[in-house]
Amino acid sequence: MKNKLRKTYDVVIVGAGIQGLALAYNLARCGMPAVVVLDKSHVGSGASSRNGEMIRSAFASEEWIRFFSKSIEIWETLADELDFNVMFTRCGYLVLASTVDELEACLTHVKLQKTFGLQTRLLNADEVVTLIPAINPMMVSGGILQPNGGFARHDAALWAYARAASRLNVEICPFTEVTDIVVRSGAVRAVKTSLGEIETDTIVNAAGGHAGRIAEMVGLNLPSQTYRLEMIATEPLKPFLPLALSSPHTLSYMHQSTRGEFVGGAEVKSLAPSKSLRSSLEATRDMAGKFIRLFPGLSNVRLMRQWAGIVDMAPDVSPVLGPVEEVDGFILDCGWVYGFMGAPAAGKLLADYISTGEIPLEIRPFGFERFRTGKLIRDSSLAVPSENL
Ligand SMILES: Cc1cc2nc3c(=O)[nH]c(=O)nc-3n(C[C@H](O)[C@H](O)[C@H](O)COP(=O)(O)OP(=O)(O)OC[C@H]3O[C@@H](n4cnc5c(N)ncnc54)[C@H](O)[C@@H]3O)c2cc1C
């Protein structure tokens, strides 16, 4: 970790979350000599160390399936690649259907997933209950099982990327806030920070819930908003949830940690924009109600922790990736709501773009221009309120 900056860098990345660090590591691997990652706080202080850690590629849209398949492929060998145990537990991921309509949609999604080579399977209600005997059968119509999905440890993944990037001479500067960006003749020229000014012609906006503010510095108006998401962890319990599970019906997602804690998050309907990191009683009630409905056995269990994190959510809830026409050298790596599972692919593909100038196929649909062309990407298998889709 550095606290003294050079005068010039090839690439300046704003934000030392999983996105910024994965990109920095991949840029260094591509041979980019001078890369710096700046964070106004400590490394991983944003959503990257506050998330549900869940990983899948079993989505409902071509764009999401193609992109997240690339990511899961990297997750599978990431520990070896980074020489650090990221604790990727491939226990399987179930997208639960709670109504007949939801099950019908699952059938369509599985058909599409198969065309991309995913090994997903449609389960009926009995199969789900056999797999998870603790689940409330009244909440089960069936679901999609992705056997190679699961969850990883967010702290481990962050440190794995940070260490691997440092080994390749990436400079990581915590407690260094980006305060302004200098643009001249339509191109990025320099970045102003709390430690002084740096010259660069390439800046990546990986500032998570603060991405809108960074974009404003170059005069760009992101259509996204910042939202607070909340999670809870219970006291450790005997194993009862053998896989990662998301329930779009209740807008919730959960897994049981290796320590036995039930860890889950949920979103309330009509989520209002917020940058607050305070936990709310409204969310406690909402999560407790939903989780007990899904798993009645949780009703007498003690809540150990609750926390919040903020994410940058685009109008279609899809990430916003790549260059912008308005300002040369200003690159977006934001709009992330599923940005933990997506980081390995985003880091690799954006690094390929920055080093070659070619936008890889997997990230092409996620460009900023879609807000102009109207080609929004709506994936209907997400656990987010329909108002946000
Ligand atoms: C409760 C919750 C549950 C989630 N569950 C999942 C899940 O199960 N699976 C999944 O894939 N995703 C999940 N997510 C989403 C995921 O956590 C995010 O999409 C991902 O962490 C985004 O990473 P990031 O690096 O872009 O942003 P962040 O981790 O937020 O990092 C942004 C960084 O930018 C820094 N920064 C901001 N402004 C400045 C500035 N001016 N100067 C310098 N630095 C700055 C911040 O300090 C921060 O460290 C969840 C999120 C939350 C909150």
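This short tour visits the ligand site and then a pocket of a predicted model.

**Stop one: the ligand.** Start by selecting the ligand and the residues around it. You should find 36 of them, with D39, S48, G52, G339 and M341 the closest. Colour this shell by residue class and you get 18 nonpolar, 13 polar and 5 charged residues.

**Stop two: backbone contacts.** Now show the backbone atoms of E53, M54 and W336. A polar backbone atom of M54 sits 3.0 Å from an oxygen atom of the ligand. For W336, a backbone N or O atom is 3.1 Å from a ligand oxygen, and for E53 the corresponding distance is 3.3 Å. Next, switch on a surface: the ligand taken alone exposes 1,000 Å², and the protein buries 97% of that.

**Stop three: the elements behind the shell.** Which elements give two or more residues to the shell around the ligand? Select α1 (18-29), β13 (225-236), β17 (303-313) and α8 (339-356) to see them. Linger on α8, which gives the most, with 3 residues. Then colour by domain: domain 1 (11-49 + 155-224 + 316-377) and domain 2 (89-149 + 225-313) each provide at least three residues of the shell.

**Stop four: the second largest pocket.** Finally, select E53, R153, H154, R259 and R305. Of the 19 residues lining the second largest pocket, these are the closest to its centre, and the pocket holds about 370 Å³ of space. Its lining divides into 5 nonpolar, 7 polar and 7 charged residues. To trace where the lining comes from, highlight α5 (154-167), β16 (261-266) and β17, each of which supplies at least two residues.

Technical notes
Residues numbered from 1 in each chain as written. Predicted model: local features only at pLDDT ≥ 70, side-chain atom pairs only at ≥ 80, totals over all residues. Heavy atoms only, no water. Near = heavy atom within 4 Å. Polar contact = N/O pair within 3.5 Å; in protein donor to acceptor, adjacent residues only side chain to side chain. Areas by Shrake-Rupley, 256 points an atom, 1.4 Å probe, with all protein chains shown as cover. Helix = DSSP H or I, 4+ residues; strand = E, 2+ residues; numbered from the N terminus. Nonpolar A, V, L, I, M, F, W, Y, C, P; charged D, E, K, R; others polar. Domains from an automatic or database assignment. 1 Å grid on protein atoms, 1.4 Å probe; cavity = no way out; pocket = protein on both sides within 12 Å on 5 of 7 lines; lining within 4 Å. Points joined across faces, edges and corners; volume = space filled by probe spheres on them.
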